[in-house]
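Welcome, and please load the model in your viewer. We will make a few stops, selecting one piece at a time.

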Amino acid sequence: VLDKTGTITEGRPSLRQIVTAGGFTEQDLLTTAAAVERLSEHPLAEAIVHAAEQRELTIESATDFRAFPGLGASAVVNGRTVQIGNQRLMEESGIDINPLSGEAERLSTAGSTPLFVAIGGTAAGLIAVADALKPTSAKAIEALRTDGLRVLMLTGDRKATAQAVAREAGIQEVVAGVLPDGKVAELRKQQQQGRLVAMVGDGVNDAPALAQSDAGMAMASGSDIAAEASDITLMRSDLEGVVSAIALARRATRIMKQNLAWAFLYNVIGIPVAAGVLYPFFGVQLTPMVAGAAMALSSASVVANSLRLRA
C-alpha cells in the first residue's frame, strides 16, 4: 500500500492555477492563503507559500491557527476567519462551494489537487497545486507487480486527482479521499481478508497506517513521526528502495533457512558420531580437538554463507 504525496510523487508540489470567486482577486486569495499555510508543515502548504514569495507578495500574520489532519487548516487573518482545504472541510464548515465544483473537478481530472479557500465564511476561490511523479516510481511499481505483489495507492486526495496520478504511475487499485483513520481502516480490511500488508509513507498522516501494517516502511525524507511508527526506514526517498528492501528481505530469509538446514544436518550427523555411535562398528571416535575444529568449521560456513548478502 503506497501513500501518494512524497512517496509516489516528489512531495514538492507547485502552484498550477488560481480560480477566484466572490469578488476576490488572485493576489487577495494567494496572500491570504499563504498567511494560513505559512504555519503548516504540509507539502501543499509549502507550495502556496513559495508561490506567494516568488511573486514578492506581502504575507500577513495569522493567529488562532488550527490544522485538521486530512482536511486542511484554518486561521484568523486581518480579523477574518480563513479556511483552506478540501471539499469535506468546506462542507463541514457550511461553506457553499457549488460555483467552484466544476473547476475543481476539471483540475482534479488533470492531476492537480484543488484547495478551496473560504474567507469570512464565503468561498473565495480555489488554488490548484500539482506534484510531479518521481522519475523512478513507475519503474519501481512495475517491478513490484512483476514480483507478484498487489499495489494499492491510498490517499486523502480527491478521487479524480488520485486516479490521474495512478494512471501515470501504473497503479490499478486506488482508494482516495480517506483521512488518517480511514487509511488504518483500509489496512485492517486488507488484513482481515488474510493478506500481509506493507505500508509505505512519509507524512504525519501516514503514521497510524504505518503502525497498523505488517511491515511499515518510511521514506528517509519523511517526518520523524512516520519513521518512529514504521518498522523500516528507507535510506533513499524513492520506491526503488522498497523493491530493494523486499528483495533483500527475501534473500536474507532464504539464507537463514539454508543456515538452519545446514546447522540441523551438521548436528544430526555430528552429535551421534561424537557420542560414539560408530565406535562399536567401525572404531571411529571424535577427539575433543577434532570436534572443536568441526564446530568452528560449521560456524565459519554459516558466516560465509551469510556474507553472500553483501554481494
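Select K139 and T146 on α6: in this predicted model, both are exposed. Now turn to the other side of the helix, which spans residues 137-146, and pick out its buried residues, S137, A140, I141 and L144. Look down the axis of α6: these buried residues fall within an arc of 100 degrees, so they line one face of the helix.

What do the buried residues of α6 pack against? Show β1 (2-3), α1 (4-8), α7 (159-169) and α11 (240-274), and you have the partners. Before leaving, click on G148, just after α6, where phi is positive at about 90 degrees.

Next, keep α11 on screen and add α13, residues 288-306. The two helices pack with their axes 9 Å apart, at an angle of about 165 degrees. An angle over 145 degrees counts as roughly antiparallel, and α11 and α13 are therefore roughly antiparallel to each other. The crossing of α11 past α13 is right-handed. To see the contact, select I255, Q258, N259, W262 and Y266 on α11, then A291, A294, M295, S298, S301, V302, N305 and S306 on α13. Colour this contact by class and you will find 7 nonpolar residues, 6 polar ones and no charged ones.

For the last stop, go to F24, in the loop between β2 (14-20) and α2 (26-37). Is F24 buried or exposed? Its relative accessible area is 18%, under the 20% cut-off, so F24 is buried. Beyond its neighbours within four places in sequence, F24 is in contact with R80, I119 and A124. Finally, select A123: its C-alpha atom is 9.4 Å from that of F24, although the two residues are 99 residues apart along the chain.

Notes: Residues are numbered from 1 along each chain as its sequence is written. This is a predicted model: local features need pLDDT of at least 70, side-chain atom pairs count only at pLDDT 80 or more; totals for chains, interfaces and linings use all residues. Side-chain values use heavy atoms; hydrogens and water are left out. Helices (H or I, at least four residues) and strands (E, at least two) are DSSP runs, numbered from the N terminus. Buried means under 20% relative accessible area, exposed over 50%, partly exposed in between (1.4 Å probe, protein chains only). Contact means heavy atoms within 4.5 Å. The arc is that of the directions from the helix axis to the C-beta atoms. Axes are lines fitted to C-alpha atoms, for helices over the stretch in contact, and angles run from 0 to 180 degrees between N-to-C directions. Angles under 35 degrees count as roughly parallel, over 145 as roughly antiparallel, 65 to 115 as roughly perpendicular and the rest as oblique. A crossing is left-handed if the near helix is turned anticlockwise from the far one by less than a right angle, and right-handed if clockwise. Ala, Val, Leu, Ile, Met, Phe, Trp, Tyr, Cys and Pro count as nonpolar, Asp, Glu, Lys and Arg as charged, and the others, Gly among them, as polar.
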